[in-house]
Amino acid sequence: MIEARHLRVLRAVAATGSFSAAARRLGCTQPAVSQQMKALEASAGTPLLVRTGRETRLTQAGEVLVRHASGILAGLTAAEEEIAAIAGLRAGRVRLVSFPSGSSTLVPTALAALRAAHPGTRVSLVEAEPPRSVEMLREGDCDVALAFRYGSAAAEWDDLVVRPLLADRLVGLVPEGHRLAGAESVAIADLADESWIAGCPRCRRQLVEVCEKAGFTPRIDFATDDHPAVIGLVAAGLGVAVLPGLAMESVRLKGARTVTVEPSVQREIVALTLPDLAQVPAVAATLDQLALAAPR
């Protein structure tokens with residue numbers, strides 16, 4: 001019989017490429033990983049791993065089992081949580097992953113309301129930007145992912161339950177003494193000759209696409225995922241930037257001014273989960289509270 005704990009170990013070995021790295025990820029010893037892999041191979045009745053020197057790779061059977069492991073583990077988690085809720089043993093457990101500006105705005109309000117309504121529900125939070133956060137959800141490393149996307153690439157989340165939260169417009173940011181600091185709105189083409197400070201990789205790609213549509217390629221001199229750092233660089237006169245409106249809610253503007261940028265660019269903020277997990281009461285309640293926390 002294949003056990004869930006063995007599948008978790010196999011997935012860790014596949015992701016890290018070695019028994020020792022998998023042991024570090026799982027917080028156990030290398031012999032323990034080796035022992036569990038031997039037990040899993042005995043249950044499967046065929047080799048799942050091939051070790052060549054320092055490298056460990058999957059056999060064809062191992063690849064098949066890893067491909068099914070995430071869905072199996074998510075289904076088991078969903079069953080465990082739903083049964084526990086029905087039995088009245090506990091309200092549930094939710095592992096949430098969020099991008100930083102969501103963590104500082106939507107998440108605190110949602111989790112405070114969730115705790116007030118369901119004090120027995122335990123929620124953990126880690127931060128990751130999409131697409132990594134979405135990968136964590138698919139790999140079974142979280143239950144709910146707060147994520148964003150630009151445009152209408154709907155197919156990328158076809159296998160997930162998508163809970164729309166809000167449309168977050170990008171806001172321009174210029175130094176306080178900038179020639180356009182007092183303008184009501186600014187065409188992005190008016191910033192073609194400026195030095196730019198860019199954000200996360202996905203936001204960076206969007207910035208380049210928008211600028212190229214306006215007829216220029218932005219000169220990106222600085223790139224950082226840290227929004228206060230972006231504001232500090234702009235305030236110091238080192239360039240201009242665009243930031244999501246949500247990111248502006250939890251930072252202090254000192255030495256920088258916001259401007260409305262045209263054409264309008266928005267990112268879609270959503271909460272994601274797997275179809276099986278959407279039936280778990282604690283996960284459903286978390287999705288509801290995230291939706292209520294989103295500004296209308």
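Here is a friendly exchange about the cavities and pockets of this model.

User: Before we start, how do you know what is being counted here?

Analyst: This is a predicted model, in which local features need pLDDT of at least 70 and side-chain atom pairs count only at pLDDT 80 or more, while totals for chains, interfaces and linings use all residues. Residues are numbered from 1 along each chain as its sequence is written, and side-chain values use heavy atoms, leaving out hydrogens and water.

User: What makes a space a cavity, and how many cavities of 30 Å³ or more are there?

Analyst: On a 1 Å grid over the protein atoms alone, a cavity is a set of points where a 1.4 Å probe fits but cannot get out. By this rule there are two cavities of 30 Å³ or more. The largest has about 180 Å³ of space, where a volume is the space filled by probe spheres set on the points, and grid points are joined across faces, edges and corners.

User: Which residues are closest to the centre of the largest cavity?

Analyst: They are Gly199, Cys200, Cys203, Val242 and Pro244, out of 20 that line the largest cavity. A residue counts as lining because it has an atom within 4 Å of a point. Strands E5 (144–150), E8 (195–198) and E10 (241–244), with helices H8 (201–213) and H9 (227–235), each supply at least two lining residues. These elements are DSSP runs numbered from the N terminus (helices: H or I, at least four residues; strands: E, at least two).

User: What makes a lining residue of the second largest cavity nonpolar, polar or charged?

Analyst: Ala, Val, Leu, Ile, Met, Phe, Trp, Tyr, Cys and Pro count as nonpolar, Asp, Glu, Lys and Arg as charged, and the others, Gly among them, as polar. The lining of that cavity, of about 80 Å³, includes Leu170, Gln206 and Val261. Gln206 is in neither named list, so it counts as polar. The whole lining divides into eight nonpolar, one polar and no charged residues.

User: Why is a space called a pocket instead?

Analyst: A pocket is an open set with protein on both sides within 12 Å along at least five of seven lines, so the word differs from a cavity, where the probe cannot get out. The largest pocket has a volume of about 490 Å³. Arg11, Leu73, Glu139, Gly140 and Asp141 are the closest to its centre among 23 lining residues.

User: Which helix gives the most to the lining of the largest pocket?

Analyst: H4 does, with seven residues. By class, the lining of the largest pocket has eleven nonpolar, three polar and nine charged residues.
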